[in-house]
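Trainee: Hey, got a minute? I'd like to go through this structure together, and please keep it simple.
Mentor: Sure, let's open it up.

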Amino acid sequence: MPAVSKGDGMRGLAVFISDIRNCKSKEAEIKRINKELANIRSKFKGDKALDGYSKKKYVCKLLFIFLLGHDIDFGHMEAVNLLSSNKYTEKQIGYLFISVLVNSNSELIRLINNAIKNDLASRNPTFMCLALHCIANVGSREMAEAFASEIPRILVAGDTMDSVKQSAALCLLRLYKTSPDLVLMGEWTSRVVHLLNDQHMGVVTAAISLITCLSQKNPEEFKTCVSLAVSRLSRIVSSASTDLQDYTYYFVPAPWLSCKLLRLLQCYPPPEDGAVKGRLVECLETILNKAQEPPKSKKVQHSNAKNAILFEAIALIIHYDSEPNLLVRACNQLGQFLQHRETNLRYLALESMCTLASSEFSHEAVKTHIETVISALKTERDVSVRQRAADLLYAMCDRSNAKQIVAEMLSYLETADYSIREEMVLKVAILAEKYAVDYSWYVDTILNLIRIAGDYVSEEVWYRVIQIVINRDDVQGYAAKTVFEALQAPACHENMVKVGGYILGEFGNLIAGDPRSSPLIQFNLLHSKFHLCSVPTRALLLSTYIKFINLFPETKSTIQEVLRCDSQIRNSDVELQQRAVEYLKLSSIASTDVLATVLEEMPPFPERESSILAKLKKKKGPGAVSGSELEEGKRDGGELNGGAERGIDAAATIASNASTPSPSADLLGLRSGAPAGTAAPSASSLLVDVFSEAAPAAPSAVAEENFLSDLERPAEASDSVLVEAPGETDSAPNSCSFGAEECSPPLPESDELLNKFVCKNNGVLFENQLLQIGVKSEYRQNLGRMYLFYGNKTSVQFLNFSTAVTCPGELQSQLNVQTKPAEPVVEGGAQVQQVLNIECLSDFSEAPLLNIKFRYGGALQNITLKLPITINKFFQPTEMSSQDFFQRWKQLSLPQQEAQKIFKAKNAMDAEVLKAKLLGLGTALLENVDPNPENFVCAGVIQTKAKQVGCLLRLEPNAQAQMYRLTLRSSKDTVSKRLCELLAEQF
């Protein structure tokens with residue numbers, strides 16, 4: 001940039017600014033400004049032509065006046081005239097005035113555009129930069145129409161100076177953000193991508209911002225940038241701080257460029273090229289290693305730059321979710337930040353660990369930091385950090401630590417900030433329901449919740465406890481006793497009165513035998529709260545009273561007196577008055593049998609999506625995937641296909657069994673639309689909404705065994721695994737061959753995609769430039785449910801969208817899959833969901849085929865994949881002692897009962913990763929059974945409708961030779977062989 005000469009100091013401008021600053025009042029300032037405006041106006045209108053210096057000075061004064069908040073209605077033409085000057089300072093002031101004061105509708109825009117075109121064509125780098133800055137600052141659609149085709153040419157021209165390339169890239173980025181339809185890269189795409197190889201780091205930094213934005217909208221066009229970005233990142237990461245002296249910031253080489261490269265790579269899935277992927281993994285490992293090195297400077301700028309790169313690298317590792325070692329290392333690194341003295345680092349660490357908790361590879365590593373997170377929840381001064389700590393506790397919660405986490409959250413609720421109490425209440429309610437091992441603990445927890453934070457307990461929460469108590473016979477007596485005791489407190493929250501009134505009205509008879517809770521004592525206890533309650537609660541209590549007359553005839557006269565009093569039958573509230581009159585008449589004229597029929601116990605509620613989950617999603621806002629939901633839902637889907645969560649007593653493998661998945665299941669990061677189909681009602685989940693607006697259904701015939709019930713066969717149902725929803729009989733296909741015609745052959749990579757899901761239940765099954773298919777599934781005994789998410793990655797509709805599931809050959813007699821059609825139109829950027837219900841009839845080897853057809857831009861797209869349903873999904877883990885294991889092992893000694901494979905290790909032989917994968921297979925991992933502590937042994941039973949197949953597994957790693965010997969024995973030879981094939985691909 002040219003130096004400003006001494007004569008360009010504009011003394012008149014300095015004097016004017018000094019006068020303004022010296023004004024003692026607002027009136028004096030306005031008077032001085034008006035005087036100056038009159039002087040400038042007279043100078044502009046004078047006959048004598050002004051020289052460039054004078055124009056520049058007066059335009060500067062006008063600009064200063066405008067910045068003080070005064071309107072300027074003249075001087076624009078003089079500013080435009082300055083653009084034609086050959087002096088840098090005059091041209092600069094002209095562009096500055098135009099950027100600030102001229103709007104896109106100005107009549108002068110054509111003159112301005114002509115001046116800009118002249119400067120762009122001048123090849124003077126200084127003038128070109130000024131013109132590009134003006135285009136970017138104005139950023140109007142008119143500017144985009146005039147220059148969108150010209151700027152890419154400047155950007156990629158071989159003779160363009162580096163400073164101009166930087167300005168051109170950022171200018172084009174600005175125009176693309178304001179008018180993306182006008183910025184068409186087309187022929188320039190490959191040349192823009194190759195700017196990542198430019199020698200000038202400033203050009204690369206500017207270009208990568210542009211490429212990142214373009215890649216988000218058109219990933220397929222710019223996918224070649226991945227290998228170039230990895231190459232450039234590798235050169236930066238492996239360089240010493242002295243190699244890039246001009247771009248080293250406090251001993252950190254090119255930190256801004258590194259962060260942008262890592263962010264660009266997050267726009268794409270992991271590289272398919274093995275060499276590129278290996279180089280990227282090496283870069284990420286190097287970044288994690290450097291984070292462990294002692295700092296080269298004590299300056300905060302050094303640590304900030306270093307940590308910025310680290311957090312972007314961790315974000316990329318989380319995005320890929322495919323490298324167990326890196327995920328665990330990232331978790332350990334974040335764990336060190338949890339106790340860092342810098343508040344921002346603690347916040348970022350907690351936020352990142354929330355996402356890590358959703359990965360099956362790193363969930364266990366995250367759980368090791370539970371004590372530190374609980375300490376942060378209690379002791380952090382900053383409320384935002386405390387909220388992230390609460391989010392992380394919610395995300396890391398599973399059956400093994402649920403009681404501890406719920407207890408800590410309840411403890412924190414007593415002193416929690418008011419702004420987060422409602423969200424905390426919802427989370428405690430969801431966790432208590434999702435991971436309860438028995439109903440008594442759940443009821444105690446919710447009543448405690450109401451006691452501690454009653455004002456923040458929404459209707460959805462107390463509705464849920466009532467639904468659960470009514471649907472379960474074994475908890476009704478305990479619930480009645482507990483609420484009766486809770487109501488005896490002198491200060492009792494109104495929500496507690498609602499719960500108590502409802503439960504005692506239904507099940508008060510279960511505790512009436514105790515003299516301390518006789519019918520009259522129950523009534524008097526409830527009625528003592530009556531006059532302190534709101535109208536809706538009083539209405540509920542009146543219903544309780546009439547229920548008491550049916551349950552306890554001895555209370556009839558007492559309750560009739562209450563209903564007969566003027567405060568009830570003449571109440572100003574019409575609802576209370578009507579109830580009192582009708583209940584009084586009903587109790588007077590109805591016979592005992594009629595009364596018993598009218599006032600019988602409430603039937604079990606139909607199961608639907610949890611209204612608590614819906615409330616939490618709404619609370620977090622659309623598209624929110626941070627902390628708590630990634631959080632709830634991803635752990636739902638991210639559970640390993642087995643392990644402790646699938647023990648005999650662990651019926652709640654996934655809490656939202658019959659619910660619409662939480663936002664975390666939105667694999668595109670887009671907000672889910674309406675579900676494409678709803679599964680038939682079942683007792684498969686407790687997180688369901690029984691207070692939805694849908695008409696109440698009859699009680700489900702599906703029996704519940706455990707707290708978060710199983711997908712059991714209906715007692716009187718047909719051989720079909722599904723119970724069809726009312727009104728859906730005609731539309732819901734009930735065979736595995738639904739839509740089987742005209743399916744294309746499976747993609748070549750189908751087997752590889754299938755193998756990725758052998759040891760996990762959720763993730764991205766398939767992705768290309770148009771479509772992303774996500775999977776979230778759960779299994780119990782010989783039944784399963786799978787959610788498929790079809791995401792439109794483009795901005796154009798998918799028309800005639802249809803899916804078909806087929807079971808080739810003999811698989812039709814081995815597997816029963818039922819589904820409903822998906823929505824026929826998928827909007828641009830939207831996502832639709834489809835639910836599949838699965839029943840394993842007998843053991844199988846092949847996988848069902850999923851065919852997707854739709855029209856995109858008039859062209860028919862036809863994709864066929866293998867659904868990730870493998871025989872190990874129906875494992876029931878079995879715990880065994882060492883003696884029992886080897887006794888059974890010897891019994892399965894026939895040659896056809898054993899399958900064995902010796903193979904080379906494909907990944908690092910990490911014991912924790914091996915354990916995670918074996919648990920993910922669905923078996924129980926038996927500790928201290930094998931004489932060799934390096935070996936792993938597992939046991940499980942495959943549940944099919946026809947029979948149960950017991951399986952024993954032994955994995956013998958040889959770290960020196962980097963080899964494994966895998967031996968499987970089962971009571972059926974085809975099962976041993978298939979499991980051996982599946983598992984050998986995992987290590």
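Mentor: One definition before we start: two strands pair if DSSP finds at least two bridges between them. Also keep in mind that this is a predicted model.

Trainee: Okay, so over how many bridges do E3 and E4 pair?
Mentor: E3 and strand E4, which covers residues 771-780, pair over 5 bridges, in the antiparallel sense. To see one of them, find Phe 766, whose bridge partner in E4 is Ile 773.

Trainee: What holds paired strands together in general?
Mentor: Strands of a sheet pair through backbone hydrogen bonds, and they can do that either parallel or antiparallel.

Trainee: And what's the strand order in the sheet with E3 and E4?
Mentor: The order is E3-E4-E5-E8-E7, so to speak reading across an open sheet of 5 strands with antiparallel pairing. Strand E3 (762-767) and strand E7 (815-819) stand at the edges. Each of those two has a single partner strand, so one side of each has no neighbour in the sheet.

Trainee: How much are neighbouring strands turned against each other there?
Mentor: On average by 25°, with direction ignored.

Trainee: Let's move on. What's the order in the sheet of 3 strands?
Mentor: That open sheet runs E6-E9-E10, again with antiparallel pairing. At its edges stand strand E6 (799-806) and strand E10 (859-866). Each has a single partner strand, so one side of each is left without a neighbour in the sheet. Neighbouring strands of this sheet are turned by 10° against each other on average, direction ignored.

Trainee: Over how many bridges do E9 and E10 pair?
Mentor: Strand E9, residues 849-856, pairs with E10 over 8 bridges in the antiparallel sense. Leu 849 has Lys 866 in E10 as its bridge partner, and Tyr 856 stands opposite Ala 859 in E10.

Trainee: What sits between those two strands?
Mentor: E9 and E10 form a hairpin with 2 residues between them. Gly 857 is in that turn, with a positive phi of about 60°.

Trainee: Switching to helices. What do people quote when two helices pack?
Mentor: Two packed helices are described by the angle between their axes and the distance between the axes.

Trainee: Then what are those values for H22 and H24?
Mentor: Helix H22 (residues 402-413) and helix H24 (residues 439-453) pack at about 15°, and their axes are 10 Å apart. Angles under 35 degrees count as roughly parallel, and H22 and H24 are therefore roughly parallel to each other.

Trainee: Which residues make that contact?
Mentor: On the H22 side, look for Lys 403, Val 406, Leu 410 and Leu 413. H24 brings Trp 441, Thr 445, Asn 448, Leu 449, Ile 452 and Ala 453. By class, the contact of H22 with H24 has 7 nonpolar, 2 polar and 1 charged residues.

Trainee: Is the crossing left-handed or right-handed?
Mentor: Left-handed, as H22 passes H24.

Trainee: What does Glu 408 form a salt bridge with?
Mentor: Its partner is Lys 378, and the closest N and O atoms are 3.2 Å apart. Glu 408 is in helix H22 and Lys 378 in helix H20 (residues 370-379), so to find the pair you look 30 residues apart, in distant parts of the chain.Trainee: How many salt bridges are there in the whole structure?
Mentor: A search of the whole structure finds 37.

Trainee: Last one: how does H26 pack against H27?
Mentor: Helix H26 (residues 476-487) and H27 pack at about 135°, with axes 9 Å apart. H26 and H27 are therefore oblique to each other, and their crossing is left-handed. The residues of that contact divide into 12 nonpolar, 2 polar and no charged.

Technical notes
Residues numbered from 1 in each chain as written. Predicted model: local features only at pLDDT ≥ 70, side-chain atom pairs only at ≥ 80, totals over all residues. Heavy atoms only, no water. Axes fitted to C-alpha atoms, helices over the stretch in contact; angles between N-to-C directions. Helix = DSSP H or I, 4+ residues; strand = E, 2+ residues; numbered from the N terminus. Parallel < 35°, antiparallel > 145°, perpendicular 65-115°, else oblique. Left-handed = near helix turned anticlockwise from the far one by under 90°. Contact = heavy atoms within 4.5 Å. Nonpolar A, V, L, I, M, F, W, Y, C, P; charged D, E, K, R; others polar. Salt bridge = Lys/Arg side-chain N within 4 Å of Asp/Glu carboxyl O.
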